[in-house]
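Hi,

Here is the structure I said I would pass on. Have a look at it first, and my notes follow underneath.

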Amino acid sequence: MGYTNAGKSTLLNALTHSDVLVEDKLFATLDACVRTLDPSSHPPVVAIDTVGFISHLPPALVASFRSTLEEVGEADLVVNIVDGSSPRARAQIEVTEKILKELGAHETPRITVLGKADLVSDRFKMNRAKIAAPGAMIVSAFNKDDVLRLRDAILGHFRKNLELWEVVVPFADGRTDALLHAHSDIERRRQLEKGMFYRVRIDPQWARRLGLARYRL
Ligand SMILES: Nc1nc2c(ncn2[C@@H]2O[C@H](COP(=O)(O)OP(=O)(O)OP(=O)(O)O)[C@@H](O)[C@H]2O)c(=O)[nH]1
Ligand SMILES: [Mg+2]
């Protein structure tokens, strides 16, 4: 999420090799678009592009914006894209902050990105950007390494919540076996008498949802 024209859709495209509409105009994105960040990651991480935020939104538009922005309130991680090349970056952050609060997402874990870094050529502009968003990741959507760094930061956020579990799935329980494959990273497997032994990295919430019991050898 972020202010309109900040470069959200461009970054989403770069992160996911997709082609969400990008235009140098306000409100190029009118509907939230969902893209998978990494098809092989467990749990699967999907990124949702949002409509741009803006100050003084006409009241008639507020209601329709609300519905497209509701996803933000439910997100596990908010990636706030700030146009690092804009002299109005600070004011734009304040607007997005206010809207995040209204959406109940101001306390959601957050990665702040100063985007369009390739346009921030001189030191004065870079300092201005850094002061606007201290500690933000500095990224150009057109720089492959920058995009990979951001992708790693996002995936890393979800990976760090994973726990190491050792479980045994009875051979007859094909459903749990399939779900385990879909929702965890399997590090080791061994056939035992009672079933398949797995050592997996899994979100503890998912482990509970699957009814897994931790196994001790
Ligand atoms: N130079 C440069 N331009 C960028 C970068 N990221 C985005 N842009 C340009 O900024 C403009 C807006 O990009 P979008 O990705 O559509 O921005 P958005 O935040 O999705 O905008 P809305 O959907 O309208 O809110 C386009 O002209 C992009 O090409 C970047 O890293 N560097
Ligand atoms: Mg967009």
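Buried residues account for 30% of the 217 residues in the protein; buried here stands for 20 or more other C-beta atoms within 10 Å of a residue's own, exposed for 12 or fewer, and partly exposed for anything in between, with C-beta atoms placed from the backbone. Bear in mind that this is a predicted model, in which local features need pLDDT of at least 70 and side-chain atom pairs count only at pLDDT 80 or more, while totals for chains, interfaces and linings use all residues. Residues are numbered from 1 along each chain as its sequence is written, and chains are lettered from A and ligands numbered from 1 in the order in which they are written.

On secondary structure, there are seven helices and eight strands. Those are DSSP runs numbered from the N terminus, H or I over at least four residues for helices and E over at least two for strands.

Three strands form an open sheet in the order β3-β4-β5, with parallel pairing. The edges are held by β3 (78–83) and β5 (137–138), each with a single partner strand, so one side of each has no neighbour in the sheet. Strands count as paired if DSSP finds at least two bridges between them, and β4 (residues 110–115) is joined to β5 by two bridges. Leucine 114 has isoleucine 138 in β5 as its bridge partner.

The other pairings that I looked at are antiparallel. β1 (residues 33–36) and β2 are paired that way over four bridges, with valine 34 opposite isoleucine 48 in β2. β2 (residues 46–49) has a neat alternation: Ala47 and Asp49 point to one face and are buried, whereas Val46 and Ile48 point to the other and are not.

Further along, β6 (residues 163–170) runs antiparallel to β8 (residues 195–202) over eight bridges, and valine 168 sits opposite phenylalanine 197 in β8. β8 is also joined to β7 (residues 184–191), by seven antiparallel bridges, and a hairpin of three residues links β7 to β8. Serine 184 has isoleucine 202 in β8 as its bridge partner.

Now the inside. The largest nonpolar core (buried Ala, Val, Leu, Ile, Met, Phe, Trp, Tyr and Cys residues joined through C-beta atoms within 7 Å) has 31 residues, of which Val82, Val113 and Leu114 touch the most other members. At least two residues of this core come from each of α1 (8–16), α2 (59–74), β3, α3 (89–102), β4 and α4 (123–132). Apart from that core lies another, of 10 residues, including Val169, Tyr198, Ala207 and Leu212.

As for contacts (C-beta atoms, placed from the backbone, within 7 Å), 63% of those between residues at least 6 apart in sequence join residues at least 24 apart. Leaving out residues up to four places away in sequence, valine 113 touches Val79, Asn80, Ile81, Val82, Ala136, Met137, Val139 and Leu150.

A few single residues to click on:

- Valine 51, in the loop between β2 and α2, is buried because 20 other C-beta atoms lie within 10 Å. Its C-alpha atom is 9.2 Å from that of serine 9, 42 residues apart along the chain.
- Asparagine 5, in the segment before α1, has phi near 70°, a positive value in a residue other than glycine. It counts as buried, with 20 C-beta neighbours inside 10 Å.
- Lysine 116, in the loop between β4 and α4, has a positive phi of about 55° although it is not a glycine. Its 25 C-beta neighbours inside 10 Å make lysine 116 buried.

Cheers

Conventions: Contact = placed C-beta atoms within 7 Å.
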